[in-house]
Amino acid sequence: MPQVRDALEVLEEISPKRFAFDFDKVGLQVGDPLANLTKAVVALDRSLGAVEFAAKQGAQFLLTHHPLIFEPLASVLQTSHVGRTVLELARNNIAFAASHTNWDSAKGGINDALASIFDLRDVSDFGMAADVRKIKVIAFCPSDSLEKIVDSASEAGAGLIGEYSRCAFEMRGTGTFKGSPESTPTIGKSGNVEHFDEVRFEMVLPADKMAAVGRAIRKAHPYEEPAFDFMPLMSEGEQPAGRIGTLPSPCNLMDFAKQVDRKLETASWTWGDPGRKIKKVAIVGGAADSEWRKARQAEADVLLTGEVKQHVGLEVADEGFAIIAGGHYATEQPGCVALRGRMAQAMPGVEWLLYVPEAGSAGRPFTI
C-alpha cells in the first residue's frame, strides 16, 4: 500500500525542494511519513476549512501550496490559528506538507498553469530563482563501461544543464593499481602492479542528488572499488519562477484586464495606460509585484501577478509600463488544480481530491 513518504518522493520529482527560495518552508511539516495512504487532498491554503474537508473525506494527507509552519513553534495551542490547525491535523491523523515557491518555479507549476490559461505562445522563464548548490562528479572507469555508468548517473540526476540532459565530459588516460591478497580486481590479478586504459568523465549535478548519483555509479561500475569524487561549484539560480509568452491575438490593456477577470473569475486591479498594446505577457502568480522591472527588461508589455502594493502601481504607471493584480487566490488556484492532476497521474492507487472553498472563506475572496 502507498505511504505518505511515497507521495513526498513523487512531489520531490515534480516540485524539487531545491527550487524553493531560502526564506521558504516546504515539505512535510506535520504527521507520519510511514502512514498508509489511500486518499489525499490538494488545496491552496492550509486553512481549517481544508483540514475539515480532508477529515470528512477520510484523507490521510493534505498537500497545500502555502506552508503552515514558517517559524519554529514555541507552543501548539488551541488559542492560535496555527496551533488549532496542527491539533486538528493530529486529531484526524492527517499528514501535512507544502509545496510553495518550488511549485511556483517548477515546470507545470503555478506559473505554467497561468500561462496555459491565457494560451501564451513561445513561453520562456524569467525573473527570480532560488540559488541551487551545484557539484561536479569526477569518476574513472574502463572505456567499455562508460556509456552504462553515464546513463545511470544521468538517470539519478547528473548531467542536466538547461534544456540538455546526460551532459558529460570524457578524457582518456591510463590507470594503475596494486590489489591486496584479499582483493578481487575486475582487471588483472591481486598483488600485481596493473596498468590499463581508463576514461575520466565529469558531470554536473544539484547537491541534493549527490547520494543518489553516488549509488548509481557504484551499482553500474564494474570495479570492486570505483574511484570518484565530488567537487563543490558556485551556487546559481536553476529554475526561475516567472513565465513570459506571447498572446495569440494582441489587444489593448483594457481588453486584457477583462480577459483576466473572465478567465480567472476575479476582479482585477490594473495600473497603466488602458490603450497600451499588449502582445507579450509576463506572469508571476501570488505576491510578486517586485518582478515588474525584470518583466520589462524581458520585453513584456504587462506583468500579471496576484498582489500589487500602491507605491508599486504608482511607479509602474509612471514608468510607462503596466501591471495587473489578479488576486492571490485567483492566480494560484489553477496551479493547485495542476498539482492535483500531476499527483493523481503519478499515484493512480491514491484518490486525489481538490479542495475548493466557498467564496469568502478559507482564503478565497468573493467579488461583486
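**Entry 1: the cavity.** I looked up what encloses the largest cavity and found it lined by Ala43, Leu44, Asp45, Tyr329, Gln333, Tyr355, Pro357 and Ala362. I note that the model is a predicted one. By class, I recorded six nonpolar residues, one polar and one charged in this lining. The space inside the largest cavity comes to about 30 Å³. I then searched the whole structure for cavities of 30 Å³ or more, and one was found.

**Entry 2: the largest pocket.** I turned next to the open space. The largest pocket holds about 630 Å³. It has 29 lining residues, and I listed those closest to its centre as Arg18, Phe19, Leu160, Gly162 and Glu238. I asked which elements give two or more residues to the lining of this pocket. They are α1 (4-14), α6 (146-155) and β11 (236-237). The largest share is that of α1, with three residues. Sorted by class, the pocket lining contains 13 charged, nine nonpolar and seven polar residues.

**Entry 3: α1 against α11.** As α1 contributes to the pocket lining, I followed this helix to its packing with α11, which spans residues 328-346. I computed that the two axes come within 10 Å and cross at roughly 120°. Angles over 145 degrees would count as roughly antiparallel, and those from 65 to 115 as roughly perpendicular; α1 and α11 are therefore oblique to each other. I noted the crossing as right-handed. On the α1 side, the contact is made by Ala7, Val10, Leu11 and Ile14; on the α11 side, by Leu339, Arg342, Met343 and Ala346. I counted seven nonpolar residues and one charged in this contact, with no polar residue.

**Entry 4: α6 against α7.** I then took up α6, another element of the pocket lining, and its packing with α7, residues 210-220. How do the axes of α6 and α7 cross? They come within 8 Å and cross at roughly 155°. Since angles over 145 degrees count as roughly antiparallel, α6 and α7 are therefore roughly antiparallel to each other. I recorded a right-handed crossing for α6 as it passes α7. From α6, the residues in contact are Lys148, Ile149, Ser152 and Ala153; they meet Val213, Ala216, Ile217 and Ala220 of α7. I divided this contact by class into six nonpolar residues, one polar and one charged.

Definitions and conventions
Residues are numbered from 1 along each chain as its sequence is written. This is a predicted model: local features need pLDDT of at least 70, side-chain atom pairs count only at pLDDT 80 or more; totals for chains, interfaces and linings use all residues. Side-chain values use heavy atoms; hydrogens and water are left out. On a 1 Å grid over the protein atoms alone, a cavity is a set of points where a 1.4 Å probe fits but cannot get out, and a pocket is an open set with protein on both sides within 12 Å along at least five of seven lines; lining residues have an atom within 4 Å of a point. Grid points are joined across faces, edges and corners, and a volume is the space filled by probe spheres set on the points. Helices (H or I, at least four residues) and strands (E, at least two) are DSSP runs, numbered from the N terminus. Ala, Val, Leu, Ile, Met, Phe, Trp, Tyr, Cys and Pro count as nonpolar, Asp, Glu, Lys and Arg as charged, and the others, Gly among them, as polar. Axes are lines fitted to C-alpha atoms, for helices over the stretch in contact, and angles run from 0 to 180 degrees between N-to-C directions. Angles under 35 degrees count as roughly parallel, over 145 as roughly antiparallel, 65 to 115 as roughly perpendicular and the rest as oblique. A crossing is left-handed if the near helix is turned anticlockwise from the far one by less than a right angle, and right-handed if clockwise. Contact means heavy atoms within 4.5 Å.
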